[in-house]
Every structure is written in C-alpha cells, then in structure tokens.
Amino acid sequence: MKTNRTTAVMSASCALALTLALAACGGGGGDPAPTGSGTPSADSAITVGIATVDHLTPGNQETAYDVLLPLFAPLVSIDETGQVSYVQAESIDSSDGITWTVKLRDGWTFHNGEKVTADSYINAWNHAAYGPNAWINNFELAPIAGYAEMQGEAPAAEALSGLSKVDDTTFTVELSVADRQFPLQLSDAQTAFYPMPAAAFEDLDAYDVNPIGNGPFQMTEPWDVAGQGDIVLAAYPDYAGDKPAISQINYKIYIDIATAYTDALAGTLDVANVAGSKTAVAREDFGDRFMPLDAPSVDWLGFNPDDPRFDDIRVRQALSMAIDREAVNDAIFSGSQVPATSLTSPNMPGNPDGICGEYCEFHPDQAKELLAQAGGLEGSVEVLFVGGWGQEDMFEALATQLSQNLGIEAVATPSTDFADFQARRDAGQYSLLRGHWGALYASQQNTLRAAFTADGLGNNATFYSNPEVDALINEADSAPTLEAAYEGYVKVQERILADFPTIPTFANRFLWVTSERIDTMPSTQGSPFYARITLK
Amino acid sequence: MFRGDRRTKRRGVSRRLLAKPTFVLPGMVIVALVVISLFPGFFAGLFGNGDPYHADLAYSQDGPCPGHPFGFDLQGRDIWANVIYGTRTSVAVGLTATVLSMAIALVLGTAAGYRPGLVDSLITRLTEVFLGFPFLLAAIVVLNSVSRRDVWSVSLVLGVFGWPALARLVRASVRQVCQLDYVVAARVAGLPSRRIIIRHVLPNAITPVLILATIGIGAVIVAESSLTYLGVGLQQPTISWGLQIAAGSRNFQTAPHMLVFSSAFLSLTVLAIICLGEALRSSLDPKRLA
C-alpha cells in the first residue's frame, strides 16, 4: 500500500508534466476548420492566424495592425519594393516642408455610407492627440504643430492648432519643424493617421469592437473582445479603390502564436507568421510557400549606462567585433535574418548599408587586441533578454560568441516574461540587454529618432542621446528633397556610430507561410496586404 | 540473540539481492552514473573534446563523427560532453532534493509518530496541506519568483515540496515500531526519548523510508527536467538534460540527434533508479522475509 502511494504521487506528477507539455504545444488549436458564418462565396475566403488583439480603434491599438490594414485605406501606402503611392489621398504637397496640403479623393465612403471628408481626419487626429484620452498611438501625432499644448492632465488646447480645413476634401497640416518625411508618416502602419467617421464618436466603446473604416473590407459583426473570438471581415461592395480578389478574411486569434504554425501545416490556416528559430523546419515543410519578407525593424544589444566597464568605446567596439553575425544567422535562423551593417534596416530608402564598417564585421583578433588596449573586461557580462519569446537560442549564441572570442564570461540571462524584463532593465540588473525597434514607416528617420534621441520610445534600450545628433536629424528632416534627406540621415548614422552606443546585430525579416490556395501575397514592410491576396 | 538474528536476516537479504538481475543491472547503471558525476571531466574527454561549453557554430546541428560520438547541438557544442556534465547536474539535484525532503520527513514524521495527540495532529494537518498542492504546480509558482535558478535553488524548492509523502510513511513506520515490546521496555526503563528514538526506533523504522526515497530520486530528476523544459527550472549556464531536451525539441524535425541522447540518458537513469527501488522493496518486504 505504501508503494502504491508513491506510484500514485509519481504518476500524478508525470501526468501533470505531460499535460503541461501538451498544453504548451496544443493551446488554441481547437477548431478544425474555419467557419465562414453564412457567406455566399466561402471559396474565396481566407483564414489568417494572428496573435491576441487589444483594441480595434486605429488610434488606440497596439496589436491590431493585421486586422486594421484591410479595414482602412491609409492616405499613403508603401509596397514591398519601397514604392510610395497615394490611396485615400489624391496628393500631399508642401513647398517648405512645414505646411502640407492634403487633398482627398472625392467619392470615397466609410462602411456606413458616410463620406470620407477632411473632418474625418481632423476629428480623428484631434481625438488621438488629446493627452487625457490616453490613446496608445498618441505619439504618432507629435510632429504636428500644437501637439505639445494638448498633453498633460489639463491641457491648454483641445485641438491641434496645425490642422485646418480648406474644403470638404482638402485640409492643411502645419508641422512644428520642417519634415520631408511627413508623407511617409501617413502610410499604412501609422494607424493614428487613419480617418474615423462621425458615427464613431457617438459611441467609442461600440466602435472599438466594431470599427467602421474606409478600406476594402468591413466588419461582419462586433468582435468578442473578452473571448478573443474570431474576427470576420467581408469585402465592402462600395469601396472606391482597387477591388479585392477575395471575399472574406477570417482572423483566428491565438494566445500562443506558435500554435498557428501547426494549424497552417494542417491546412486550416491560409496565412501564418513563423518565428525566426523555425526557419529550417518551415522551409522544409512549406517549400516555396515559406516567405521571408524584409521588415523595417532591427535588433541590437544595448549597454548598461551605469556599468563603468563599458565606458571605454574600445570595449564596446571590441564586443561588437567579436560577434560572427553571419555564423549566428546561419546556425540559428538558417540565414533568414540580415546581419546588421548599419543602425537601420537595409530596406529603408537610402539606407547606408555597410556604414558600421569593420565594427559590425567579425574580427576576433582585432577585437581581442582592442579589448586588451582598453584594459580588458573583468567579471560576468549578463546579456538580458525576454524569456519565453523563442529567442533563447539567439542570445545563447551571441553570449557564446562574446565568451569564446574574447575570453570573457558572458551569460545569456532570460527574464521570466516581458514585465520581468522591464523590471530588471529599470533596476539596472544587466550588463547588456536586448534592443529592438520596429519602424512604423519606411524611413531611417523613424528608427534614428526612436532609438537615439532622448524622447524616443526605443531609447530605453540604447540610453543614448547627443545634441549634435539631434541637430543633424533636424537638418536631415528639413532637407529640401527626399534624396538630400537620405544623405542627411547617413551623416546622423556616422555621428552616432562615432560614439558606438550599441552593438547592431540583425535587421529582421518577418517570416510567413501560406496554404496552397494562395497565389500571390503582396506585402508592406514585412506584413501581408491581406486585402490584395489572390487565390489560385 | 536478537542482534544475531538481525544479522542473519541482513545477510540473507543482500545475498538474495545480489542474485537478482533486476537489482544488479540497475545497480550497475547507477554506480556508473555516480562515477560519471564524480569525474565528469574524465568521461567527457574520452573522445578528445571534453569542454561542454566550447561552441563552434560552423558545426551547428552536425551529426555524430569521429571525436564527437553524439554529434553537435544547435550552438555547435559537443553533445557527448554536455550529456556527461548533465549527468552530474541531474544526480546532484536528485540527491540534494531527496536528502533535504528526507531530513524534513524524518524530523516531522518521527515527531508525529512518537508523540500521538496534539503534535501528531498538527504535523499531520501540515502534511496534508502540503500534499494538497499539486507538486509541479507549486514548484512552478515558486520557481517563477526565484531570480537565479541554479542547482541549489531548484533542489531546495523540489526538496521543500517533496517531503509530505515521505513524512507520512515515517510517521506510520515509527508508530508501528513504537508499539513493539522492546520500545515499550525501553520507555518503561526510563531511557530518554532522544536515545530511544535514535537507538531503537529509527534504525528499525527507516527501511521503507529509504526505499521510497530511492524511488523518489528518479521522480525528482524527472521533475527537474520537466520544470527546466518548461522554462522555470535550471537556467544557462548550468548544463542540464532538461535544457538540452528543450533545445533539442525545438529542432527535432531537422536534427533529431540533438534530442535523442539526452532523453535516452534521462530515461535510463530514471528507469534504473525505479527498478532498483522495486528490487529493494520486494526483497525487504516483511511478508517475503517471513
């Protein structure tokens, strides 16, 4: 009897372990087939696997981009080749880079029949820019004149002074400083610049689960946000732009997005995202239906600003030169990512590939010499990263490179989760830490401003700012032409790299797999244009 | 006369055990594993590449080749060296956690068994409370809040949650022995409790506990690997089978050898320990001794 007790305890713990393991790889994959709630042409419906969604209001969402993209028509769109085209805008012009005139296409309507007018934009932008509303994408409107007066608890202004209506389909935008990149900021991923109909402001809570857009697809029914139910979009018959070739998009939400891969393999998903670490498997499973898309996002390693061991620039450069980015890319990502040679992603227009020079190349002997000149590096070097995001292998490889090629003691240290990562970062419990920035529009401006200026949202992984850099960025922003602006950003990168504040590691490619039904899948900046998918 | 009797019994037990292949085979495996744990450097270096941390990404995921009998893992490290050093970790966690839970169980179980009444009911309730937690769940919750998870902290957590079943057994066993004539005689003779417990009660009550604890080592090793696989057990730079299995399972489709060897070692170890425990149990079973 005594032994029975042991066996029972043991098998109970084993069974629990097994259940947990199964839950880890089986959660969310419940429904076997997509449900096309009573659509006439279910044949041209596609099913897409996405991660959890927070909100559906364009100015107030962080993780709904995949869903909003077909629901709204942006003013400007950037395709996979970097080609910029007008969608809802007929033209966006400026003579001085400060005052921009936006002319809208006439005759476009929201899904409820309301006309898309200058007011649709002015109202939506004002609402997003108003600080007390606390909308997530508030920051996107920062370049517009009058933004600063609308922040804080009791702001002086309730509307952006820089916006003024000319007529029903024309309005002007005045910026606080001249910026040639402004039209790019109005492109697909800057969702705070999407228009909203008057109906939205009557009940914003209802709008948040049943948004009314001006894009090629519309909601079929309000979304069950609490249950994270499927989101089903149907083609909007009165869409004035390019008509989609598919009739319906079903978004299936996964708590653990890794599970979507299994469903894609089983054929119940038409489009799914794949983690970089699964490249080799995905390539084998999907063949030419595996699609790496260039993304405007970059990874780097940041230094602890309070750790005196990294004060000497030679130490930082030595660490960077000790990393064989090509080898890590080949071994961990099967070559699907892009070893960094600049501070920004190579798919940015005018990106100065190779500007980092020898410091982003693998020179172990030079690295050792440089480190020795700087007096070496004593003690443990902890490389902090977010645990549970599937990046263990990459950071282990990076830490091993540092340890082995420099003879130092580098350890990859995972946090428990993202909150723990933030806590350890804020408490300074690390030596190096994971840095990442995904630009919302294809311009070096976005990454450079976010990561290397004091107010940037990505500054919490570089801790770098320099008045000279700020001046150079402003100079580039206000350049008379785009070409001149790109040259300006090259100067910015040169100046930042002279201080070598981070170790650039990889530019990203987002990886996707598609079902055999999908013929073509156009994309923008690493994300599929679901509305433009064509079927075989 | 009494002592002589016991000695004969013991000799009989060991002769019977040594004649049993179900004891000898797992025993040999365990001796081998313990020797490996004591001298991992020697065994890891048998094929000339004994540094478990040495990585060369150029060999990432390569299969077995001369000098590297088990091939390379994703980071290009020698899998043989890693499996050997992983043995030490698993054995260390298994032994530390079990010794810890046994120590707790012996103290609490003996107190409960020797002192019926208030002490007994208090300790029994406490044991039941601990038994009420699902073991792995409790370990996950606690380990999630531990900032540095190494062999010692993981062993501590596993030990602290592993004692209740043992304590119950100790209590029952102690209670049984306490009713025997020689303990009653010792009490009547006025010997101090400590002396009675240490000299007369424990030596006669401990056998079933030792058997259960032996089997428990296997369970602890499995628990450690499960927790590590789930990402809440041991962490880099500790070398552990759980970490190897987790890394191997991520790439099982493209390079199955990365998963196979550490899993095989884990299974073999646990199997050997459980078989050994079973063999001990059946040999020491009082019904069969009679």
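This tour moves through chain A and chain B of a predicted model, naming at each stop what to select and what is there.

**Confidence first**

Before selecting anything small, colour the whole model by confidence, keeping in mind that the model as a whole scores ipTM 0.77 and pTM 0.81. Chain A has a mean pLDDT of 88, with 92% of its residues reaching 70 or more. Now select residues 1-41 of chain A, where the pLDDT is below 50, although this stretch still has 40 contacts in the model beyond near neighbours in sequence. Where pLDDT is low, the predicted coordinates should not be read in detail.

Turning to chain B, you will find a mean pLDDT of 86, and 93% of the residues of chain B reach 70 or more. Within chain B, select helix α12 (residues 286-289), where confidence is lowest at a mean of 56, and then helix α4 (residues 79-114), where confidence is highest at 92.

**Chain A: two helices side by side**

Select helix α6 (residues 258-266) and helix α7 (residues 279-286) of chain A, which pack at an angle of about 15 degrees with their axes 11 Å apart. Angles under 35 degrees count as roughly parallel, and α6(A) and α7(A) are therefore roughly parallel to each other. If you look along the line joining the two, the crossing of α6(A) and α7(A) is left-handed. To see the contact itself, show the side chains of A:Tyr261, A:Ala264 and A:Leu265 on α6(A), together with A:Val281, A:Ala282, A:Asp285 and A:Phe286 on α7(A). By class, the contact between α6(A) and α7(A) holds six nonpolar residues, no polar ones and one charged residue.

**Chain A: a stacked pair of rings**

Next, move along chain A to helix α12 (residues 418-426) and select A:Phe418 and A:Phe421, which are three residues apart in this helix and so are separated by about one helical turn. Aromatic pairs number 28 over all chains of the structure. In the pair formed by A:Phe418 and A:Phe421, the ring centres lie 5.9 Å apart and the planes meet at 15 degrees, which is why the pair is stacked.

**Chain A: two helices running opposite ways**

Continue to helix α13 (residues 444-452) and helix α14 (residues 467-477) of chain A, whose axes are 11 Å apart and which pack at an angle of about 160 degrees. Because of that angle, α13(A) is roughly antiparallel to α14(A). The residues to display are A:Gln445, A:Leu448, A:Arg449 and A:Phe452 from α13(A), and A:Val469, A:Asp470, A:Ile473, A:Asn474 and A:Asp477 from α14(A). Sorted by class, the contact of α13(A) with α14(A) has four nonpolar, two polar and three charged residues.

**Chain B: helices and a final contact**

Finally, show chain B as a cartoon, in which the secondary structure comes to twelve helices and zero strands. The C-alpha atoms of chain B fill a box of roughly 75 × 45 × 25 Å along the principal axes.

For the last stop, select helix α10 (residues 241-250) and helix α11 (residues 257-284) of chain B, which pack at an angle of about 145 degrees with axes 8 Å apart. Here α10(B) passes α11(B) in a left-handed crossing. Among the residues making the contact are B:Trp241 and B:Ile245 of α10(B), and B:Leu259, B:Phe265 and B:Leu266 of α11(B). Taken by class, the contact of α10(B) with α11(B) has six nonpolar residues, six polar residues and no charged ones.

Conventions. Residues are numbered from 1 along each chain as its sequence is written. Chains are lettered from A and ligands numbered from 1 in the order in which they are written. This is a predicted model: local features need pLDDT of at least 70, side-chain atom pairs count only at pLDDT 80 or more; totals for chains, interfaces and linings use all residues. Side-chain values use heavy atoms; hydrogens and water are left out. Axes are lines fitted to C-alpha atoms, for helices over the stretch in contact, and angles run from 0 to 180 degrees between N-to-C directions. Helices (H or I, at least four residues) and strands (E, at least two) are DSSP runs, numbered from the N terminus. Angles under 35 degrees count as roughly parallel, over 145 as roughly antiparallel, 65 to 115 as roughly perpendicular and the rest as oblique. Contact means heavy atoms within 4.5 Å. Ala, Val, Leu, Ile, Met, Phe, Trp, Tyr, Cys and Pro count as nonpolar, Asp, Glu, Lys and Arg as charged, and the others, Gly among them, as polar. pLDDT is the predictor's confidence in each residue, from 0 to 100. Rings of Phe, Tyr and Trp (its six-membered ring) pair if their centres lie within 6.5 Å; planes under 30 degrees apart count as stacked, over 60 as edge-to-face and the rest as tilted. A crossing is left-handed if the near helix is turned anticlockwise from the far one by less than a right angle, and right-handed if clockwise.
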